[in-house]
Amino acid sequence: MQKGSARKVRADKKRDVRPTVPIELKDTIYRISYVIDTPVKNIVETICLFGLDSRKVITHLSENFKRNVRFHNTLFMGDINKPSVQRLKPGTRTERISTRLKQPDYENLVTLAFALDVTPSRACSLLLDASIRHSDFVNSYFQQHLSETLNFNRMVELKKIISFINTNSPYDESVSWLALVSYIYAEIKDSAVSFNDTLHDFIDKWK
């Protein structure tokens, strides 16, 4: 590189991010990884991208913004007097997880960190927590996986099962994709049976 020249960072270059997260959040991410047989770092990246693109997630996080910032053509106003969210609550058990983000996505994360007045790794931790609690992410993510895993006929049967359960439920709540996957995970977590085999058995039982 010539002296004085600016080195342009490739847009597809990935940056390492290693947020420290509460144990419960890490366990949840690892469960998702196990259920859909996808590397943890890929799961973490997907959750981050969802959150950075979600107006609801950013709006939720904006409650702690200390600086003004623009996301999705919306100007969020910060307040420098808001309490810092850099540190976790005392006594919180934590562990690190890791992922890699493409340069544009990493820059969006840095923007979020600037607004929150925290480090990028801390911003990533807050983003993961806010995103994974958003039912739209978990339900749509699992629905996509199930759509790719099952053939058309079995997918139709699965949707009928969920529709039947929701229609006849005596409770003021409905069964979601997450609830279904959680049920299946509970069925197989201590056995050698695969997720897909258990899912097929579940469908056959309700046919």
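How many aromatic pairs does the model hold? The count comes to three. In the first described here, the ring centres of Phe 65 and Phe 76 lie 6.0 Å apart and the planes meet at 85°, so this pair is edge-to-face. Phe 65 belongs to the loop between α3 (55–61) and β3 (69–71), whereas Phe 76 belongs to strand β4 (residues 74–76), so the contact ties together parts that are 11 residues apart in sequence. Phe 65 is buried, at a relative accessible area of 0%. Phe 76 also counts as buried, because its relative accessibility of 8% falls under the 20% limit.

A further aromatic pair is formed by Phe 137 and Tyr 141. This pair is stacked. Its centres are 5.2 Å apart, with 20° between the planes. Both residues lie in helix α6 (residues 135–149), four residues apart, so about one helical turn separates them. Phe 137 is buried, as is Tyr 141. Together with Phe 50, Phe 137 and Tyr 141 make up one aromatic cluster.

The structure is a predicted model. The chain has an average pLDDT of 85. A score of at least 70 is reached by 93% of the residues. Confidence is under 50 throughout residues 1–6. For that stretch, the model has one contact beyond four places in sequence.

Helix α6 also contains Thr 149. Thr 149 is partly exposed, because its relative accessibility of 25% lies between the 20% and 50% limits. Thr 149 and Asp 136 are 13 residues apart in sequence. Their C-alpha atoms are 20 Å apart in space.

The strands give a further part of the picture. Strand β1 (residues 14–17) pairs with β6 in the antiparallel sense. Four bridges join the two. Within this pairing, Arg 15 has Leu 101 of β6 as its bridge partner. Arg 15 also meets an aromatic ring: its charged end sits over the ring of Tyr 106, 4.2 Å from the ring centre.

Which side chains of β6 are buried, and which are not? Strand β6 spans residues 99–102, and its side chains alternate. Thr 99 and Leu 101 point to one face and are buried. Arg 100 and Lys 102 point to the other face and are not buried. Such alternation between the two faces of the sheet is what a regular strand shows. Leu 101 is thus both a buried residue of β6 and the bridge partner of Arg 15.

Key:
Residues numbered from 1 in each chain as written. Predicted model: local features only at pLDDT ≥ 70, side-chain atom pairs only at ≥ 80, totals over all residues. Heavy atoms only, no water. Buried < 20%, exposed > 50% of the residue type's maximum accessible area, 1.4 Å probe, protein only. Pairing = 2+ DSSP bridges. Phe/Tyr/Trp six-rings, centres within 6.5 Å; stacked < 30°, edge-to-face > 60°. Lys NZ or Arg CZ within 6 Å of the ring centre and 35° of its normal. pLDDT = per-residue confidence, 0-100. Contact = heavy atoms within 4.5 Å.
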